[in-house]
Amino acid sequence: MNKIWLVIQREYLTRVRNKTFLLSTFLFPIIIIAFIVGSTFLAINTRNKVKIAVVNDPGFLQKNLESDSSSVIFEFPKDVNSSNYVAKGFAGILKVNPDTAANKYVIESKKSLSMETMNYVEGQMKKAIEYNILQQKSIERNLLDSISNVSKERAKVTNELATGKEANNKLPYIIGFGCGIIIYITMFIFGGMVMRGVMEEKTSRIAEVIVSSVKPFQLMMGKIIGIAAVGLTQLLLWIIFIAILVNILPLFISADTLHQFQQAQQAQQGLPGGSNNSAALQMLQATDTFKTEVNWSLIIPCFLFYFLGGYLFYAALFASVGSVINEDPQEAQSLMLPIMMPIVFGFIILSTSIENPDSPAAFWGSIIPFTSPIVMMGRIAKGVPEVVPWWQLFLSMGMLILGFIFTTWAAGKIYRTGILLYGKKGTWKEMIKWIRRS
Amino acid sequence: MSLLEVQNLKKYFATQKAVDDISFSVNKGSIFGLLGPNGAGKTTLIRMITGIFYPDEGQILFDGKKFDPINDVVHIGYMPEERGLYKKMKIGEQAVYLAQLKGLKKNEAMTKIKEWFVKFEMQSWWAKKVEDLSKGMSQKLQFVTTVLHEPKLIILDEPFSGLDPVNSNLIKDEIYNLAQRGSTIIFSTHRMEQVEEICDHIILVNKGQKILDGTVKGVKHQFKEDLFSIGFEEIPAGLNGNPPFEMVGTKDHQYVVKIKEGFKPADVLNYFLQQGAKIISFNEMLPSLSDIFIKLVEGTPLTRQFQAITA
């Protein structure tokens with residue numbers, strides 16, 4: 001026991017004191033935050049204001065076209081035509097196409113206008129024409145607007161659950177997907193770390209020196225637990241770091257900017273091409289709801305459990321792969337494939353089960369330990385016990401515990417033989433033989 | 001009194017009888033040579049003695065009791081042929097870590113490492129990384145980490161490979177010192193001149209079996225071919241009559257002769273004295289271990305063939 005502790009200490013300390021650990025720990029959240037802030041900033045500042053001159057107004061355009069102060073401005077000058085609109089500071093000139101008899105419209109411009117601008121113009125034109133037609137049928141515009149407002153208000157549907165809570169459909173989606181992705185990525189990062197650690201011991205030929213004082217199984221478990229501790233440390237630092245940044249961030253982004261952005265977003269609604277950058281803002285806005293509306297007391301323990309469980313399940317397998325590889329890292333590829341496939345598969349199931357948490361794929365994916373750490377997190381966020389009954393959660397957890405006991409046992413056998421085997425690459429067939437023997 | 005006793009040890013792998021019924025014993029405080037060609041089963045044998053492998057059959061007695069890998073490994077120091085250190089780890093920390101794995105307390109380990117580092121003039125290495133060391137330097141470090149915990153049994157597999165003569169001698173002296181202070185040393189190598197120089201007792205293993213066991217002196221006598229070299233002031237003109245030997249060769253002022261069966265060395269001397277030859281030296285030529293090794297191993301295939309084992 002004492003020896004495992006020594007191994008754990010070494011694995012933990014050498015990694016945590018490494019510069020790359022510090023770098024990745026502090027850079028990762030900064031990059032994420034920078035990405036969010038950056039895209040928000042871009043979304044606000046890169047929207048070009050476009051001035052468009054409307055000529056040959058058939059009579060109803062001036063009354064009905066609405067300018068948007070931040071993107072498209074319609075003007076109705078008298079003395080502008082195709083030859084001088086650029087000089088007068090217009091990006092384009094909108095007119096009835098003289099070549100066609102039917103009322104078709106065309107925008108002449110020197111540079112092609114952005115999709116967003118065209119969408120806006122088309123939307124406004126559609127509205128203007130509709131109003132014009134309605135007017136001809138003697139329906140007042142105000143009346144129509146009030147009708148549409150009333151119907152919009154009354155048509156709001158909320159999804160109320162059996163428990164009486166109102167379902168929040170967006171947030172669980174983000175949290176479930178986020179947790180799933182974090183587990184997915186960390187399984188690769190830390191699983192790979194275990195594998196490289198084992199390979200290092202093998203290629204540097206220290207394995208036999210160590211194994212003459214420590215049992216191979218102790219060495220493997222020490223490494224797995226030590227790296228798990230590194231992973232948890234990193235995760236904890238990330239959570240603290242992000243929590244601090246999330247609380248500080250609103251101080252840097254002025255209320256004015258946020259307001260401006262909200263306006264911009266509202267203006268985009270109803271426009272097909274207008275939702276580009278809204279995800280960034282949603283995340284900013286979501287920080288408040290994050291704190292209050294999610295059942296963190298369930299999600300955090302579950303996340304830690306599946307994070308650790310999933311890691312332990314795969315770490316031993318990665319260790320056994322590392323133990324049979326010789327100097328050539330390319331050998332790792334073919335041996336790693338069978339391990340990586342289920343992880344990737346789990347990710348695919350996650351993305352479907354997040355829409356459809358009751359589907360058979362989601363159910364089995366969250367019970368079978370090969371995929372459960374990733375898939376179950378996506379489902380849990382949707383609500384326990386509303387979506388995932390308690391028995392499913394416990395079954396899944398139980399299976400995962402049994403699963404990692406089994407993989408650790410089997411991997412220990414492969415590791416014991418593999419780590420002292422030089423000059424020969426192990427195959428899966430041979431490894432199965434090693435498990436069966438003794 | 002033997003520190004280690006190996007009795008009828010067997011270890012079969014899927015395609016080879018790696019160790020096939022080997023027994024021997026190693027006396028306390030002796031330097032024991034474990035010889036054998038590549039692939040003879042030496043490493044497998046050593047791995048069983050160090051508790052890395054379990055024997056299929058047979059048993060090992062360590063210090064008079066049945067060998068218990070979990071508790072006894074702290075009394076063993078093993079420097080394998082395939083050896084290495086953590087490249088990215090600082091040398092001092094690494095030595096402390098390896099000593100702790102052998103059951104030493106941290107401060108205890110520190111003091112001992114510092115003593116050894118002074119002895120080997122390695123004080124300035126403490127904060128360096130292993131990757132900064134040359135092969136010879138890391139070899140010295142490896143030796144220190146092997147013997148640091150003052151094990152009862154030290155197993156060294158090719159300890160001098162990659163060392164220059166100066167450092168070889170340094171290590172050799174330490175091996176003698178350790179033996180004098182009561183450690184028992186098993187020394188595995190192909191380099192016969194070192195074995196002759198260092199070892200008290202040897203065994204030779206080939207194809208998983210022990211084919212020779214004895215003291216260095218005893219083995220040499222066992223394989224002597226009754227060859228003598230005789231040095232003359234002046235080479236005799238010719239051999240008259242019926243000499244009690246056969247000529248094997250001449251070199252400068254020396255004859256190398258093989259005594260015929262039934263005769264003794266004194267008969268040879270008598271013969272030359274009667275001839276009036278002026279003898280200045282008369283030596284028995286014992287075979288070198290290297291010759292014996294080659295003689296015994298020769299004829300067996302250079303590398304062991306794989307075979308199906310049904311056992």
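## Helix packing, interface and cores

In this predicted model, H1(A) and H3(B) are roughly antiparallel to each other, because their axes make an angle of about 160°, and angles over 145 degrees count as roughly antiparallel. H1 covers residues 2–16 of chain A, H3 covers residues 91–101 of chain B, and the two axes lie 10 Å apart. The crossing of H1(A) and H3(B) is left-handed.

On the H1(A) side the contact is made by Lys3(A), Leu6(A) and Arg10(A), and on the H3(B) side by Tyr97(B), Gln100(B) and Leu101(B). Sorted by class, three of the residues in this contact are nonpolar, one is polar and two are charged.

Between the chains as a whole, 14 residues of chain A are in contact with 16 residues of chain B. H1 and H7 (207–211) of chain A each contribute at least two residues to the side of chain A that touches chain B. H1(A) provides the largest share of that side, namely four residues. The table gives the class make-up of the helix contact and of the chain A side.

| Set of residues | Nonpolar | Polar | Charged |
|---|---|---|---|
| Contact of H1(A) with H3(B) | three residues | one residue | two residues |
| Side of chain A that touches chain B | six residues | four residues | four residues |

The next topic is the nonpolar cores. In soluble globular proteins, nonpolar side chains tend to be buried together. The largest nonpolar core here has 126 residues. Those with the most contacts inside this core are Val194(A), Ile224(A), Ala315(A), Ala319(A) and Met377(A) from chain A, with Ile155(B) and Phe187(B) from chain B. Helix H11 of chain A, residues 296–324, gives the most to this core, with 15 residues.

Ala319(A) can be followed further. Leaving aside neighbours within four places in sequence, Ala319(A) is in contact with Val194(A), Met195(A), Val198(A), Met220(A), Lys223(A), Ile224(A), Ala411(A) and Tyr415(A). Val194(A) and Ile224(A), both among these partners, are also listed with the most contacts inside the core. A second, separate core has 15 residues, including Ala53(A), Ile93(A), Tyr120(A) and Val121(A).

Chain B contains 10 helices and 14 strands. Its C-alpha atoms fill a box of roughly 75 × 55 × 35 Å along the principal axes. Chain B has 311 residues, of which 36% count as buried. Among contacts in chain B between residues at least 6 apart in sequence, 71% join residues at least 24 apart.

Definitions and conventions:
Residues numbered from 1 in each chain as written. Chains lettered and ligands numbered in written order. Predicted model: local features only at pLDDT ≥ 70, side-chain atom pairs only at ≥ 80, totals over all residues. Axes fitted to C-alpha atoms, helices over the stretch in contact; angles between N-to-C directions. Left-handed = near helix turned anticlockwise from the far one by under 90°. Contact = placed C-beta atoms within 7 Å. Nonpolar A, V, L, I, M, F, W, Y, C, P; charged D, E, K, R; others polar. Core = buried A, V, L, I, M, F, W, Y, C linked by C-beta atoms within 7 Å. Buried ≥ 20, exposed ≤ 12 C-beta atoms within 10 Å, placed from the backbone.
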